[in-house]
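Me: I have a structure to go through for class. Could you help me read it?

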Amino acid sequence: MASTGLDYANGKIPTLFRKIFFPTLLGMIFNALITIVDGIFVGNGVPPHVHDEQCRGAVSPAHHKL
């Protein structure tokens, strides 16, 4: 079995945190960007005469009014 080089059971927490932080951060940023871009594209597909809040809310949570 191939080793990843990270010993989660016995490794020091600060070292593990530093090694995992940036890949995790990049993944979260790209996931957020994909969600935003998808909401923009799908949101532009909703006709302007549709004013039902539930319909627009199903497209993206950013369309909800508080």
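The conversation below goes from the overall make-up to the aromatic rings and then to one helix.

Me: Before we start, what kind of model is this?
Reply: The model is a predicted one.

Me: How many helices and strands are there in the protein?
Reply: The protein contains two helices and zero strands.

Me: And what share of the residues is buried?
Reply: Of the 66 residues in the protein, 9% are buried.

Me: What about the accessible surface, how much is there?
Reply: The accessible surface is about 6000 Å² in total, and carbon and sulfur atoms account for 69% of that area.

Me: Changing topic: how many aromatic pairs does a search of the whole structure find?
Reply: The search of the whole structure gives two aromatic pairs. In one of them, Phe17 and Phe21 are tilted, with 5.5 Å from centre to centre and 35° between the planes.

Me: Where do Phe17 and Phe21 sit along the helix?
Reply: Both belong to helix H1, which covers residues 13-44. They are four residues apart there, so about one helical turn separates them.

Me: Is Phe21 involved in an edge-to-face or a tilted pair with Phe22?
Reply: Phe21 and Phe22 form an edge-to-face pair, at 5.0 Å centre to centre and with 75° between the planes. Phe22 is also found in helix H1. Together, Phe17, Phe21 and Phe22 make up one aromatic cluster.

Me: Are those rings buried or exposed, starting with Phe17?
Reply: Phe17 counts as exposed because its relative accessibility is 54%, over the 50% cut-off. Phe22 is exposed as well, with a relative accessible area of 54%. Phe21 counts as partly exposed, at 35% relative accessibility.

Me: Which residues make the nonpolar surface patch?
Reply: The patch is made by Phe17, Phe21, Phe22, Leu25, Leu26, Ile29, Phe30 and Leu33, and its area is about 790 Å².

Me: Then which residues of H1 are buried?
Reply: The buried residues of H1 are Leu16, Gly39 and Gly43.

Me: How far does H1 reach from its first C-alpha to its last?
Reply: H1 has 32 residues and spans 45 Å between those two atoms. That is close to the 46 Å expected at 1.5 Å a residue.

Me: One last thing: where does H1 bend?
Reply: H1 bends at Phe21, by about 35°. A proline, Pro23, follows within four residues of that position.

Terms used: Residues numbered from 1 in each chain as written. Predicted model: local features only at pLDDT ≥ 70, side-chain atom pairs only at ≥ 80, totals over all residues. Heavy atoms only, no water. Buried < 20%, exposed > 50% of the residue type's maximum accessible area, 1.4 Å probe, protein only. Areas by Shrake-Rupley, 256 points an atom, 1.4 Å probe, with all protein chains shown as cover. Phe/Tyr/Trp six-rings, centres within 6.5 Å; stacked < 30°, edge-to-face > 60°. Expected span 1.5 Å × (residues − 1). Bend = angle between axes of the 7 residues up to and from the residue. Patch = residues over 30% accessible without salt bridge, like charges linked within 9 Å, V, L, I, M, F, W, Y side chains within 5 Å. Salt bridge = Lys/Arg side-chain N within 4 Å of Asp/Glu carboxyl O.
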